[in-house]
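Work through these short exercises with the model open. Try each task before reading its solution.

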Amino acid sequence: MTTDTLERVNAETAAANNALRIAVASRDGTTVDMHFGPTREFLVYDVTAEGAALIARRDIESHAQSEEEDPRDTVCRMLADCKVLLVAKIGPMPAAKLGNAGIEAIDDHVGKPIEAALTEVFADK
């Protein structure tokens with residue numbers, strides 16, 4: 001199965017489980033602490049009322065269609081099954097690009113533990 005096929009199957013599984021799929025930019029894997037621009041790998045979680053489960057680590061390098069592809073385009077494609085992206089900071093242009101792809105970028109949880117941030121976002125949705 002290709003990466004795109006796996007992500008489509010995963011998205012269908014998340015929807016069937018009433019999960020909210022959220023990507024996170026984290027340097028240490030425990031807190032929301034990476035700015036969007038330098039992030040090369042995103043943690044992807046399925047979040048339900050019962051809690052959060054890490055389902056994937058997605059990196060730009062392995063998802064890029066070519067070396068010339070704009071990394072922001074790669075991110076929009078590789079996170080297309082996510083409804084939310086948690087980052088420490090993001091500029092208005094990348095946030096708008098993600099928004100146009102159906103991904104809400106949120107930078108209100110900087111420094112928070114990932115699990116707490118995921119729980120808060122799920123409760124707000």
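**Exercise 1.** Find how many aromatic pairs the structure holds, and classify the geometry.

*Solution.* This is a predicted model. It holds 1 aromatic pair. The partners are Phe 36 and Phe 42, with ring centres 6.3 Å apart. Next, take the angle: the planes stand at 40 degrees. Planes under 30 degrees apart count as stacked and those over 60 as edge-to-face, so the rest are tilted. The pair of Phe 36 and Phe 42 is therefore tilted.

**Exercise 2.** Decide whether Phe 36 and Phe 42 are buried or exposed.

*Solution.* The cut-off for buried is under 20% relative accessible area. Phe 36 has 6%, so Phe 36 is buried. Phe 42 has 0%, so Phe 42 is buried too.

**Exercise 3.** Place these rings in the largest nonpolar core, and name the elements that build it.

*Solution.* The core has 18 residues. Phe 36, Phe 42, Val 75, Leu 79, Leu 85 and Leu 98 touch the most other members. Strand E2 (41-48) and helix H3 each give two or more residues. H3 gives the most, with 3. Now follow one member: Leu 98 touches, among others, Phe 36, Val 75 and Ile 103. A second, separate core of 14 residues includes Leu 43 and Tyr 45.

**Exercise 4.** Which residues of H3 are buried, and what contact lies at its start?

*Solution.* H3 spans residues 71-78. Its buried residues are Thr 74, Val 75, Cys 76 and Met 78. At the start of H3, a side-chain oxygen of Asp 70 comes within 2.8 Å of the backbone nitrogen of Arg 72.

Terms used: Residues numbered from 1 in each chain as written. Predicted model: local features only at pLDDT ≥ 70, side-chain atom pairs only at ≥ 80, totals over all residues. Heavy atoms only, no water. Buried < 20%, exposed > 50% of the residue type's maximum accessible area, 1.4 Å probe, protein only. Helix = DSSP H or I, 4+ residues; strand = E, 2+ residues; numbered from the N terminus. Polar contact = N/O pair within 3.5 Å; in protein donor to acceptor, adjacent residues only side chain to side chain. Phe/Tyr/Trp six-rings, centres within 6.5 Å; stacked < 30°, edge-to-face > 60°. Core = buried A, V, L, I, M, F, W, Y, C linked by side-chain atoms within 4.5 Å. Contact = heavy atoms within 4.5 Å. Lists of a residue's contacts leave out its neighbours within four places in sequence.
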